[in-house]
Every structure is written in structure tokens, then in C-alpha cells.
Amino acid sequence: MTHNLITGTGSALPATRVANDDLASRLDTSDSWIRERTGIRARRIADPATTTADLATEAAARALEAAGLEAGAIDLVVLATATPDLTFPATAARVQARLGITRGAAFDIAAVCSGFIYALAVADSLLKAGQGSRALVIGAETFSRLLDWDDRATAVLFGDGAGAVVLETRAAVPGETPRGILASRLHADGRHEGLLYVDGGPGTTGTVGKLRMAGRDVFRHAVHNLTSVVDEILAEAQLGVEAIDWIIPHQANLRIIEATAKKLGFPMAKVIVTVDEHANTSAASVPLALDVAVRDGRIRPGQLCLLEAMGGGFTWGALLLRM
Ligand code: COA
């Protein structure tokens, strides 16, 4: 019996921090409105020369360093993004090349804010299927490029960044509690496209397009879907919510995070929150939050962690792992 264990985490943020007051100077909004409705205080915004691959490569290099591995040991690069550098090749292939990896597989996953959960589940499955024994799994975005900076209802919510993990196959040690990814559940329901989408693309307008969202409807679906997928994965694992040491949720909005925790009966003291400083970084948000909490010593080896996210599509999912 083998499991795929996270052996290193890393992240990268653009240097420029944009506080709510900076946005209020050019949009009809205020720091208090944004903080009360979302919990967001600031976000990082990439300069025009920085791409998703730049942030992803930096995060991946840090994860490799934390795992004590050379890039050449990696068999698989899976990168979740909604903001690829180019239509093709995949941003994962660019990252692979920059890290000096010349073998194995590399591809992108498009599941928007659920992208990292999808990527981790897919990488776990591929390693189990024999594609290799070490994967780099990355969530990276320059989401600021998709924002309509005249739309106060969406422009204030998002930011740029990247997070990465190294996943390595380990044989279970008889008599020891298994560590690594224990279960994952992925969902999609394409009927809700109109509630959260980008109004462009190579196959339609020939432009990149801008993000459009019916915020109130997305909020409602998010709390419902996240609670139900967490219930589903816990039932599958035959665990109660009290067995979980940490929930690392998608960082879209503090009110969504709190409402989901309340419905689950889970204490906020054991929920990792970075939305205040990062805002919603889409596919990067879960690995960014994970890296912050691993590096500040809250998340420790042996602890049971639950990752969950919901995003455009709709897509949503959860993943249970022991660090
Ligand atoms: N500053 C000030 N006022 C704003 C504003 C802003 N940045 N954005 C919207 N408003 C206004 C609206 O125009 C509206 O004004 P009106 O009543 O005069 O029409 C009012 O605030 C209420 O808007 P509403 O959209 O109903 O607010 P809300 O309480 O639902 O909060 C969100 C809006 C976007 C914060 C909230 O719906 C949300 O977080 N949704 C989920 C979004 C999300 O996380 N999506 C990504 C999931 S992956």
C-alpha cells in the first residue's frame, strides 16, 4: 500500500501590495465596505512584466527546496490556472523548462478556483497509476489581468500569487497511521456558467475577456456546495469533523469561510485564513494558505488536513490528507 505525501510547500507573491484604500482612490468603494463584506484588507498585484509562469516557477522552486529535492527528480508537473501565459503551450510546460526538467509529463488544469484541488487529485491518481513517484502540483494566477477595473463589485475581490507542493509516493509503514492523500472528491455543474465566467476566449470573441459574476448567487452556491462536499468526504473516510486538525479553504471571502465552518460545526480557530492579505487568488489560494500555515508552524507532520474549494464552472471539491 502506498500514499502520496506532501513533502514540501512553497509560494510566491508579487511585491506590490494594493490596500483597499488604494482601490477606493479610483473606484466608488471604501475600506470598510470591502472589509465588512469580504474580510479582505489588501491583495498583491503583479507588475505588467510578471506572468503566471514566473510566480509558479518561484513557488515551485521553494517547494522543491523545502522537500530537499532537485528539480530533475520530478516526474510530473500539474499546474492549475485560469490565467495561462499563452493559449498554448501549457504554463506547466514553461515552468518545467525553467526548472530544467526535461522528462516526465507537464500539463495545465482549468477548474478556476477549484483548480488546485483538481490538480492535486489528478496528480495523486497519476502517481498511483504508475506515472512516476514525484510530482510538482502548482496553483498559480495573475487574476488581475481578468478584472474589469471599473466594476467595483468584482475588482476588489481578487489578487495574484502562486503556491506549490511536492507530492512523493511513500510506502505505508505497517502499524503506523498512513500519511499522505487519503481521499478526494471532485464535482462540476456547468449549468451555472452564467453566474461566474469570463466574457471572452480564443473560441468566441478572440479576446481574453473580463470576469463577470453574480456575487450573491455565487455566495449561496458556495456555502451549500462546500458544506456538502466536506460532509461527503468525511462520510467516505468514516470520520467526524472533530477528527480534522485544520481546514484549508479556498480564500474567496471570509463570510463564505465562516458560514461554511458554522454549518459544519467546525471552529474558526482551526481554519487557515489568508484572504485578508491575499484576497481571492483563485487556483493559488489553497496552496498559498497551506504554505503560510506550514511555514509559521501551525500545520505539522501527522496532522489531518481538509482542503476545499469552489469556483467557476461551477466546479468544487475537497481533499483529505495527513501531512
Ligand atoms: N464597494 C461599495 N459598494 C459595493 C461594492 C464595493 N466594492 N460592490 C458592490 N457594492 C454595492 C452594490 O452596488 C450594491 O449596491 P445597491 O444596493 O445600491 O445596488 C450593494 O453594494 C450590495 O451589493 P451585493 O452584491 O448585494 O452585496 P453582497 O452583500 O452580496 O456582497 C460580494 C457582494 C461580492 C462581496 C458577495 O456577494 C460575495 O462575496 N460573493 C461571493 C463572491 C465570490 O467569492 N466569488 C468567487 C467564488 S470562487
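Buried means under 20% relative accessible area, exposed over 50%, and partly exposed in between. Keep that cut-off at hand for these exercises on a predicted model.

**Exercise 1.** Classify the two partners of the salt bridge between Asp75 and Arg103, and say which parts of the chain the pair ties together.

*Solution.* Start with the contact: the closest N and O atoms of Asp75 and Arg103 are 2.8 Å apart. Next, place the partners. Asp75 sits in the loop between helix 3 and strand 4, and Arg103 in the loop between helix 4 and strand 5, so the salt bridge joins parts 28 residues apart in sequence. Finally, apply the cut-off: with a relative accessible area of 10%, Asp75 is buried, while Arg103, at 39%, is partly exposed.

**Exercise 2.** Describe how helix 3 and helix 4 are placed relative to each other.

*Solution.* First, take the axes: they come within 9 Å and cross at roughly 55 degrees. The two helices are therefore oblique to each other. Then add the handedness, which is right-handed. Now look at who meets whom: residues of helix 3, among them Ala56, Ala60 and Leu64, meet residues of helix 4, including Val95 and Leu99. The residues of this contact divide into seven nonpolar, three polar and three charged.

**Exercise 3.** Decide whether helix 10 is largely enclosed or open to the outside.

*Solution.* Helix 10 covers residues 285–295. Go through its buried residues, which include Pro287, Leu288 and Asp291. Eight of the eleven residues are buried, so the helix is largely enclosed by the rest of the structure. Just after it, look for Gly297, whose phi is positive, near 90 degrees.

Key:
Residues numbered from 1 in each chain as written. Predicted model: local features only at pLDDT ≥ 70, side-chain atom pairs only at ≥ 80, totals over all residues. Heavy atoms only, no water. Buried < 20%, exposed > 50% of the residue type's maximum accessible area, 1.4 Å probe, protein only. Helix = DSSP H or I, 4+ residues; strand = E, 2+ residues; numbered from the N terminus. Axes fitted to C-alpha atoms, helices over the stretch in contact; angles between N-to-C directions. Parallel < 35°, antiparallel > 145°, perpendicular 65-115°, else oblique. Left-handed = near helix turned anticlockwise from the far one by under 90°. Contact = heavy atoms within 4.5 Å. Nonpolar A, V, L, I, M, F, W, Y, C, P; charged D, E, K, R; others polar. Salt bridge = Lys/Arg side-chain N within 4 Å of Asp/Glu carboxyl O.
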